[in-house]
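Trainee: I am new to this one. Please show it to me, and I will ask how each term is justified.

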Amino acid sequence: MMPENAVQSAKDTILKVEDLRIEFRIGRKWYAATRNVDFELKADETLALVGESGCGKSITCRAILGLVDEPGSRTRGSINFKGQELVGLPDRKFQHIRGKDLAMIFQEPMTALNPVMRVGEQISEAITSHMQVSGAEARRRTLELMESVRIPAPEQRYRDYPHQFSGGMRQRVVIAMALACQPSVLLADEPTTALDVTIQAQVLSELRELRERNQMSVIFITHSMGVVAAVADRVAVMYAGEVVEVAEVETVFKEPRHPYTQALLASIPSVESDKEDLQVIPGQVPSIVDFPEACRFAERCPHVMPRCRQEAPPRFQVGSTEVRCWLYESENGETGQ
Ligand SMILES: Nc1ncnc2c1ncn2[C@@H]1O[C@H](COP(=O)(O)OP(=O)(O)OP(=O)(O)O)[C@@H](O)[C@H]1O
Ligand SMILES: [Mg+2]
């Protein structure tokens, strides 16, 4: 990267993840579920984190929120949020950030909702848990939020319970809760996969609008390149626990560099369908106990070279794309380990 760019991007970067390594102990050994996870989130952008099931998207976001804290887990590397280091931050400090400045929409909307509490009260509680406001003010803001995520007749719906909402409406409630404290970063973990295709498209375009209106940055997790095209400004592609390519969304679709990204794009069906079949890539993602030390994609890669099985590739810069693949060694733009 050019020095003047470095200054510029330091100014705009709101979250910077460097060499994030999340390890789990299985039996007596520690295994790295992620390693070499590097990406930046800039102010007012949507970054998509894309990759197959099990590649580490959710745990990466959990780590950002300080939620990989179960016994037999450890997190290394750096997560810098507005100048503050989050790796190793004590939980009592995290509690001031989580749900407030850093909010998350979890993969399963029902797990975020209390089934025996009225929806309006749940959103209200999300507000009062972090902000000193009166009950009446929290209620007013709740109704405003419900309106902003397009829940019709908020006054009536305020008193309903989650089971009285459709899947799409329930997801909007979860989004309203996440937006309750006007976070500067929203982590959205596959927020639309449980919805049918038309509702998905609606929720996606509304999320985009909300992001623009609220001036937040969003990390959007998905396994679908179709969804990436619909929501993202930039993309970080993950494979088997590593970020293998980071690029602008147009660049990724025009010139995908990593062979895995190329395969992902080839798996998008040409006709409209909600069934993208990632299985068209021959072979399987290794499980965390079998991750190779060298390139993790080597066994499935159509361009594999002897070196790929010996040594993990560093990050190479190709134009504005960062890619972890030995094919780009001669491009001579190594940016990191
Ligand atoms: N507590 C844990 N102990 C051991 N391994 C774990 C634990 N939590 C997650 N993993 C492993 O970490 C890897 C990444 O999981 P993660 O849930 O982040 O995947 P994902 O990309 O979100 O997948 P999906 O698309 O299915 O949601 C998986 O191989 C998973 O088995
Ligand atoms: Mg997940």
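Mentor: Start with cysteine 55: one of its backbone N or O atoms lies 3.2 Å from an oxygen atom of ligand 1. This is a predicted model, in which local features need pLDDT of at least 70 and side-chain atom pairs count only at pLDDT 80 or more, while totals for chains, interfaces and linings use all residues. Residues are numbered from 1 along each chain as its sequence is written, chains are lettered from A and ligands numbered from 1 in the order in which they are written, and side-chain values use heavy atoms, leaving out hydrogens and water.

Trainee: What makes the approach of cysteine 55 to ligand 1 a polar contact?

Mentor: A polar contact is a pair of N or O atoms within 3.5 Å; within protein, one must be able to donate a hydrogen and the other to accept it, and residues adjacent in sequence count only if both atoms are side-chain atoms. The pair at cysteine 55 is 3.2 Å apart, so it counts. For isoleucine 59, a backbone N or O atom is 2.8 Å from an oxygen atom of ligand 1. In glutamate 70, a side-chain N or O atom lies 2.9 Å from a nitrogen atom of the ligand.

Trainee: Why are helix 5 and helix 8 called roughly parallel?

Mentor: Angles under 35 degrees count as roughly parallel, over 145 as roughly antiparallel, 65 to 115 as roughly perpendicular and the rest as oblique. The axes of helix 5 (residues 119–128) and helix 8 (residues 167–179) cross at roughly 20°, and the two helices are therefore roughly parallel.

Methods. Axes are lines fitted to C-alpha atoms, for helices over the stretch in contact, and angles run from 0 to 180 degrees between N-to-C directions. Helices (H or I, at least four residues) and strands (E, at least two) are DSSP runs, numbered from the N terminus.
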